[in-house]
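Take a look at the sequence and the model below. Keep both in view as you read.

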Amino acid sequence: MISQNVSVSAADTGGKKFYQKIMNNSKAFENCDVFGTHFYGTQRTWMDYLELENCGKEIWMTEVYTDSNNDADLWPNALNVSENIYNCLVVGNMSAYVW
């Protein structure tokens, strides 16, 4: 049994079909506190998922891909990360960006 002090996040992989299965299963949905996700090069136009955004649960960005050969605090990678954060919070209507 899960303590009431622990939040459970849906896995952050599997995409829209996976989230749809959770939203269509009342027991799974009831036991999911947060939907976690990540983009990994997702096009900006694919970030908006109205059904998930309107389901009443928080959506968290749980990781992000940057150029693996350089730190994200180097230009222009930092600009790419800032654009990704903006798209996550504004376009994807996510509640949190966790890096």
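This report moves from the whole chain to a few chosen residues.

## Confidence in the model

This is a predicted model. The mean pLDDT of the protein chain is 80. Of its residues, 81% reach 70 or more.

Confidence varies from element to element. Strand β1, residues 9-10, has the lowest mean pLDDT among the elements, at 80. Helix α2, residues 26-30, has the highest, at 94.

## Overall build

The chain has four helices and four strands. Follow them along the sequence and the pattern reads β-α-α-β-α-β-α-β.

Now consider how the chain meets itself. Take the contacts with a separation of 6 or more. Residues 24 or more positions apart account for 64% of them.

## Surface and interior

The protein chain has 99 residues, and 32% of them count as buried. Its accessible surface comes to about 6800 Å². Carbon and sulfur atoms hold 52% of that surface.

Which residues make a nonpolar surface patch? Tyr-86, Leu-89 and Val-90 do, and the patch covers about 270 Å². Tyr-86 sits in helix α4. Its relative accessibility is 46%, so Tyr-86 counts as partly exposed, since that class lies between 20% and 50%.

## The nonpolar core

The largest nonpolar core has 17 residues. Met-23, Phe-35 and Leu-52 touch the most other members. Three elements give two or more residues to this core: α1 (15-24), β3 (58-63) and α4 (77-91). The biggest giver is α1, with three residues.

What does Phe-35 contact, once its neighbours within four places in sequence are set aside? Earlier in the chain, its partners include Ser-9, Ala-10, Tyr-19, Ile-22, Met-23 and Phe-29. Later in the chain come Leu-52, Cys-55, Lys-57, Glu-58, Ile-59 and Trp-60. Met-23 and Leu-52 thus appear twice in this story: they are partners of Phe-35, and they stand with Phe-35 among the members that touch the most others.

## Two helix residues compared

Is Cys-88 buried or exposed? Cys-88 lies in helix α4. Its relative accessibility is 0%, so Cys-88 counts as buried. Beyond its neighbours within four places in sequence, Cys-88 is in contact with Phe-39, Met-47, Met-61, Asn-93, Met-94, Ala-96 and Tyr-97. His-38 is 50 residues away from Cys-88 in sequence. In space, the two are 9.1 Å apart, C-alpha to C-alpha.

Lys-16 belongs to helix α1. Its relative accessibility is 41%, so Lys-16 counts as partly exposed. Leaving aside neighbours within four places in sequence, Lys-16 is in contact with Trp-46, Asp-48 and Tyr-49. Glu-51 is 35 residues from Lys-16 in sequence, yet their C-alpha atoms are 9.7 Å apart.

## A positive phi in a loop

Asn-93 is found in the loop between α4 and β4 (96-97). Its phi is positive, at about 50°, although Asn-93 is not a glycine. Why is that worth noting? Most residues other than glycine have a negative phi.

Asn-93 is also one of the contacts of Cys-88. The pair differ in accessibility. Asn-93 has 41% relative accessibility, so it counts as partly exposed, whereas Cys-88 has 0% and counts as buried.

Technical notes
Residues are numbered from 1 along each chain as its sequence is written. This is a predicted model: local features need pLDDT of at least 70, side-chain atom pairs count only at pLDDT 80 or more; totals for chains, interfaces and linings use all residues. Side-chain values use heavy atoms; hydrogens and water are left out. A nonpolar core is a set of buried Ala, Val, Leu, Ile, Met, Phe, Trp, Tyr and Cys residues joined through side-chain atoms within 4.5 Å. Buried means under 20% relative accessible area, exposed over 50%, partly exposed in between (1.4 Å probe, protein chains only). Contact means heavy atoms within 4.5 Å. pLDDT is the predictor's confidence in each residue, from 0 to 100. Accessible areas come from the Shrake-Rupley method with a 1.4 Å probe; for residues, only the protein chains shown count as cover. Patches are made of residues with over 30% relative accessible area and no salt bridge: like charges are joined within 9 Å, nonpolar side chains (Val, Leu, Ile, Met, Phe, Trp, Tyr) within 5 Å. A salt bridge is a side-chain nitrogen of Lys or Arg within 4 Å of a carboxyl oxygen of Asp or Glu.
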